[in-house]
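Got the structure open in your viewer? Let's take a short walk through it, one selection at a time.

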Amino acid sequence: GKVLNLSRHAQIIESALGALRLLGQSFGQWSISVWIPLVLFILYRGIDRRAMQHLGCRIGLMTLGIMIAGYYMVYVVTPQDLSWHLGTSIDRLLLHLWPSALLLTGLAVEREESIYVKS
């Protein structure tokens, strides 16, 4: 019954999006959102489409996706009160995913050609 409850899914997604928006204030007490420097870095460097085709990058993205799906399903079927469960754990789970997301971002952006040129 919990899997088919659409309001449960909406509550999980709404809570996750809210936690992502507030990541800057709760994670390290930054004065700006952590998303701003990350997006500026991606815009400055651009995405390397060749890197996105490598198996390592794809495995990293799949691993991150599987972790997110697993966390989501735990929230869907939890026997605890969903509001309490989301309120006490979603920030921590996002912190678990943050280093992997930063690593994948670093792998996916364009690199300076001078790094690859041998002297």
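Before we start clicking, one term: a residue counts as buried when its relative accessible area is under 20%, as exposed when that value is over 50%, and as partly exposed in between. Also keep in mind that this is a predicted model.

**Stop one: confidence.** Color the chain by pLDDT. The mean is 84, and 88% of the residues reach 70 or more. Now select residues 23–26, which make up helix 2: confidence is lowest here, at a mean of 64. Where pLDDT is low, the predicted coordinates should not be read in detail. Then jump to residues 55–77, helix 5, where confidence is highest, at a mean of 92.

**Stop two: a helix pair.** Keep helix 5 selected and add helix 1, residues 6–21. How do the two lie relative to each other? Their axes come within 10 Å and cross at roughly 135°. An angle between 115 and 145 degrees is neither roughly perpendicular nor roughly antiparallel, so helix 1 and helix 5 are oblique to each other. Their crossing is right-handed.

Show side chains where the helices touch. From helix 1, pick Arg-8, His-9, Ile-12 and Ile-13; they meet Tyr-72, Tyr-75, Val-76 and Val-77 in helix 5.

**Stop three: a salt bridge.** Searching the whole structure turns up one salt bridge. To see it, select Arg-50 and Asp-48, whose side chains meet at 3.3 Å, N to O. Which partner is buried and which is exposed? Arg-50 has a relative accessible area of 54%, so Arg-50 is exposed. Asp-48, at 8%, is buried.

How values were computed: Residues are numbered from 1 along each chain as its sequence is written. This is a predicted model: local features need pLDDT of at least 70, side-chain atom pairs count only at pLDDT 80 or more; totals for chains, interfaces and linings use all residues. Side-chain values use heavy atoms; hydrogens and water are left out. A salt bridge is a side-chain nitrogen of Lys or Arg within 4 Å of a carboxyl oxygen of Asp or Glu. Buried means under 20% relative accessible area, exposed over 50%, partly exposed in between (1.4 Å probe, protein chains only). pLDDT is the predictor's confidence in each residue, from 0 to 100. Helices (H or I, at least four residues) and strands (E, at least two) are DSSP runs, numbered from the N terminus. Axes are lines fitted to C-alpha atoms, for helices over the stretch in contact, and angles run from 0 to 180 degrees between N-to-C directions. Angles under 35 degrees count as roughly parallel, over 145 as roughly antiparallel, 65 to 115 as roughly perpendicular and the rest as oblique. A crossing is left-handed if the near helix is turned anticlockwise from the far one by less than a right angle, and right-handed if clockwise. Contact means heavy atoms within 4.5 Å.
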